[in-house]
Amino acid sequence: MSLTVLIAPSGFKESLSVKAVTKAISSGVRKAMPDAEILSAPMVDGGEGTTEALVDATGGRIIKARVTGPVGAPVAGFWGLLGGAGPKTAVIEMAAAAGLSLVPRDRRNPLLTTSRGVGELILAALDHGVERILIGCGDSGINDGGAGMARALGARLLDAQGRELPEGGGALEDLAQIDVSGLDPRLASVRIDAAVNWHNMLLGQKGVARVFGPQKGATPRRSWCSSAVSRLMPP
């Protein structure tokens, strides 16, 4: 009787992609059980590998785009255009433009890193006339509350004197006003969904800034206060 093996791994952070892990396990199973039927179903959670997995599953395509990386230097980003019926859908993983793997270990400082590249990927998707955007929020290397992303889309973040804030989460402590009058008007007609870890709240002792901030370089002395991100939230 032949054996059927289902391989359904997730990715290995800062190491192997979910596709590479699946291929490696499949190869091992094949060597041990040459007659086995091998099925693969890569598991993704919005982090690295999400775009590739959904594109492969729907017969879509990967579109490359050079964008601003988390430390300000250009990076080779990408997004996916899904296949199949339904609304024209883009899938964007934050890790492709602002991922932890894109931040050198000696430059992991959430006061300075930016999500601007994520907004630039959204603009690239809008240029292709998409009707829906799915954003995977896992494996990021930033902690700026999406401020950089918002800037790339046309928002202005201002201090009490009306001056533009610099990039990075640290500047949000001086945030006094968000001007959205310059937002790209195409956003109004596009549905945007986010794939997130629903176990984690935004703020508080168990909020994402406290829980995941340390992996991005945050320390008790190198962090930004929860009140700053609170100002990004609507009343």
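## Exercises on a predicted model

Leu158 is in contact with Arg163, Glu164, Leu165, Asp174, Leu175, Ala176, Gln177 and Asp179, leaving aside its neighbours within four places in sequence. The structure is a predicted model, and the exercises below start from this residue.

**Exercise 1.** State which element holds Leu158, and decide whether the residue is buried or exposed.

*Solution.*
- Step 1. Locate the residue: Leu158 lies in strand E7, which covers residues 156–158.
- Step 2. Recall the cut-off: a residue counts as buried under 20% relative accessible area.
- Step 3. Compare: Leu158 has a relative accessibility of 5%, so it counts as buried.
- Step 4. Take one of its contacts, Gln177. The two residues are 19 positions apart in sequence, and their C-alpha atoms are 5.1 Å apart in space.

**Exercise 2.** Describe how strands E3 and E4 pair, and what the hairpin between them contains.

*Solution.*
- Step 1. Find the strands: E3 spans residues 61–68 and E4 spans residues 74–81.
- Step 2. Give the sense of pairing: E3 and E4 are antiparallel, with 8 bridges.
- Step 3. Pick one bridge: Arg66 has Ala76 in E4 as its partner.
- Step 4. Look at the turn: 5 residues stand between the strands of this hairpin, and Gly72 has a positive phi near 100 degrees.

A general point helps here: strands of a sheet pair through backbone hydrogen bonds, in a parallel or an antiparallel way.

**Exercise 3.** Follow the sheet beyond E4, and explain why E3 and E9 each have one side without a neighbour.

*Solution.*
- Step 1. Move to the next strand: E5 (residues 89–93) runs antiparallel to E4, and 2 bridges join them.
- Step 2. Name residues across this pair: Leu81 has Ala90 in E5 as its bridge partner, and Gly80 stands opposite Val91 in E5.
- Step 3. Write the full order: the sheet is open, has 5 strands in the order E3-E4-E5-E6-E9, and shows mixed pairing.
- Step 4. Examine the ends: E3 and E9 (191–195) are at the edges with a single partner strand each, so one side of each lacks a neighbour in the sheet.
- Step 5. Add the twist: on average, neighbouring strands of this sheet are turned by 25 degrees against each other, direction ignored.

**Exercise 4.** Identify which strands helices H2 and H4 touch, and describe the surroundings of Thr51.

*Solution.*
- Step 1. Take H2 (residues 50–58): this helix packs on the sheet and touches E3, E4, E5 and E6 (132–136). The direction of H2 makes about 150 degrees with that of E5.
- Step 2. Take H4 (residues 116–127): it also packs on the sheet, touching E3, E4, E5 and E6. Its direction makes about 135 degrees with that of E3.
- Step 3. Place Thr51: this residue is found in H2, and it is buried, with a relative accessible area of 0%.
- Step 4. List contacts of Thr51 beyond four places in sequence: they include Ile62, Phe78, Trp79, Gly80, Val91 and Ile92.

**Exercise 5.** Decide whether the radius of gyration of the chain agrees or disagrees with that of a compact globule.

*Solution.*
- Step 1. Count the elements: the chain has 7 helices and 9 strands.
- Step 2. Set the expectation: a compact globule of 235 residues would have a radius of gyration near 18 Å.
- Step 3. Compare: the chain has 19 Å, which agrees.
- Step 4. Add the box: the C-alpha atoms fill roughly 75 × 40 × 30 Å along the principal axes.
- Step 5. Add burial and surface: 40% of the 235 residues count as buried, while the chain exposes about 12,600 Å², 56% of it supplied by carbon and sulfur atoms.

Key
Residues numbered from 1 in each chain as written. Predicted model: local features only at pLDDT ≥ 70, side-chain atom pairs only at ≥ 80, totals over all residues. Heavy atoms only, no water. Pairing = 2+ DSSP bridges. Helix = DSSP H or I, 4+ residues; strand = E, 2+ residues; numbered from the N terminus. Axes fitted to C-alpha atoms, helices over the stretch in contact; angles between N-to-C directions. Contact = heavy atoms within 4.5 Å. Rg over C-alpha atoms; globule rule 2.2 N^0.38 Å. Buried < 20%, exposed > 50% of the residue type's maximum accessible area, 1.4 Å probe, protein only. Areas by Shrake-Rupley, 256 points an atom, 1.4 Å probe, with all protein chains shown as cover.
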